Amino acid sequence: MDKSVMVVGIDDSDHSLYALEWTLKHFFSPAPEKSPFKLVIVHAKPSATTAVGLTGPGAAEVLPYVERDLKIIASRVMEKSKEICAAKSVKDVIMEAIEGDPRNALCDAVDKHNASVLVVGSHGYGAIKRAVLGSVSDYCAHHAHCSVMIVKKPRKNTK
Amino acid sequence: MEKGIAEAFSSIPEGGGTAAIGAEEKKKVRVMVAIDDSGESFYSLQWVLDHVFGSRNNDEFLLSIVHVIEPFPTYMLPGAPAVFPSTSIVRSVNKAQEENASAILSRAIDMCTQTNQDVHINTSIIEGDPKEMICDLAEQMQVDLIVIGSRGLGKIKRALMGSVSNYVIHHAKCPVLVVKTPTTKSMSSNA
């Protein structure tokens, strides 16, 4: 039986790693082999030019350092997600790192793998922050060609 | 003789004693599916039944199906002559809405029992603004996942007509799954 594909978008934040853990807990346990989904983890690494955003004369010198930093962050994120998968004994995982804007990268990954679900974390920004900072989860929810699951990390409220 | 009793216990299938204790310790995963009149929301219910409840032990899940009735507006736009609908009209509209709601829910329950016999279901009919009611009810019932369909409106239509799924994504305190009905174009390309 063909398994449907589930793409999980990961970045450097706690929220997306929480989303990965939540997804594994609810969809891939206790028996990962019997799960109806095949897991694909996608990390969108922003390119150095978008991260720096400078066009001044000093930009060219800074870029190599920024690029190296981003690569380190990217590999750390991939390592962490591999650890989380191993901890839940999920073995059949495809991991991908794509360079570029996360919004487009995730939607393209969905099309490439013909996914049926895209899972993203959410920072839980309010309306203003979301408009200013931009929201990948918002964009994906509207533009991905498949169902989208947005996982929020519960806020630690003192009740 | 003790050995004989021990052997008798070991022959009981594992689903008997230990599994029941395990289920009590584990908290049930609550999934709430919001249903209205549209085909998209029934598609989302079917999707959940196929993918989430498919191969798992269905004792762990509690499926809540919720239908929200929008209240009949009893006011008119400013500038228009102030005509209030008479109570008999309001009453008949309410009755029609309630009948519609129970028809929708029984369709949903039929769909569930056809796909999967063992799922625990409870249903609710609430009145009010769908977006707010879904978020409030999800918080009250402490659900783990809200499932909602998407009509696939474009940006402008969504801003003008309002989108329940958009509101729920932003305001719900728990994970939200937006199920999109595949368009006929994508379905024919897959076939």
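Buried means under 20% relative accessible area, exposed means over 50%, and partly exposed lies in between (1.4 Å probe, protein chains only). Keep those cut-offs at hand for every stop.

This is a predicted model, in which local features need pLDDT of at least 70 and side-chain atom pairs count only at pLDDT 80 or more, while totals for chains, interfaces and linings use all residues. Residues are numbered from 1 along each chain as its sequence is written, chains are lettered from A in the order in which they are written, and side-chain values use heavy atoms, with hydrogens and water left out.

**Stop 1: chain B as a whole**

Select chain B. Colour by secondary structure. Eight helices and five strands appear. Helices here are DSSP runs of H or I with at least four residues, strands are runs of E with at least two, and both are numbered from the N terminus. Along the sequence the order is α-α-β-α-β-α-β-α-β-α-α-β-α.

Of its 191 residues, 36% count as buried. The accessible surface is about 11,700 Å², and carbon and sulfur atoms hold 57% of that. Areas come from the Shrake-Rupley method with a 1.4 Å probe; for residues, only the protein chains shown count as cover.

Now turn to contacts, meaning heavy atoms within 4.5 Å. Take those in chain B between residues at least 6 apart in sequence: 77% join residues at least 24 apart.

**Stop 2: two helices of chain B**

Select residues 130-141 of chain B, helix α5, and residues 164-171, helix α7. Their axes come within 9 Å and cross at roughly 35 degrees. Axes are lines fitted to C-alpha atoms, for helices over the stretch in contact, and angles run from 0 to 180 degrees between N-to-C directions.

Which residues of α5(B) and α7(B) make the contact? From α5(B) come B:Pro130, B:Lys131, B:Glu132, B:Ile134 and B:Cys135. From α7(B) come B:Val164, B:Tyr167, B:Val168 and B:His171. Show their side chains. They divide into six nonpolar, one polar and two charged.

**Stop 3: the cysteines**

Stay in chain B and pick B:Cys174. This residue is in no disulfide; the nearest cysteine sulfur, in B:Cys135, is 8.3 Å away. A disulfide is a pair of cysteine sulfur atoms within 2.5 Å. B:Cys174 counts as buried because its relative accessibility is 10%.

Move to chain A and select A:Cys140 with A:Cys107. Why is there no bond between them? The sulfur of A:Cys107 is the closest cysteine sulfur to that of A:Cys140, but at 4.4 Å it is too far. A:Cys140 is buried, at 0% relative accessibility. Over all chains, a search of the whole structure finds zero disulfides.

**Stop 4: A:Tyr18**

Select A:Tyr18, in helix α1 (residues 14-27) of chain A. Buried or partly exposed? At 25% relative accessibility, A:Tyr18 counts as partly exposed. Leave aside neighbours within four places in sequence, and A:Tyr18 touches A:Val151, A:Lys152, A:Lys153 and A:Pro154. Add A:Ile84: 66 residues separate it from A:Tyr18 along the chain, yet their C-alpha atoms are 9.9 Å apart.

**Stop 5: positive phi in two loops**

Go to A:Ser89, in the loop between α3 (59-87) and β3 (93-99) of chain A. Phi is positive, about 50 degrees, although A:Ser89 is not a glycine. A:Ser89 is partly exposed at 37% relative accessibility.

Finish at A:Asn114, in the loop between α4 (102-113) and β4 (117-122) of chain A. Its phi is near 55 degrees, positive in a residue other than glycine. At 52% relative accessibility, A:Asn114 counts as exposed.

Conventions:
Ala, Val, Leu, Ile, Met, Phe, Trp, Tyr, Cys and Pro count as nonpolar, Asp, Glu, Lys and Arg as charged, and the others, Gly among them, as polar.
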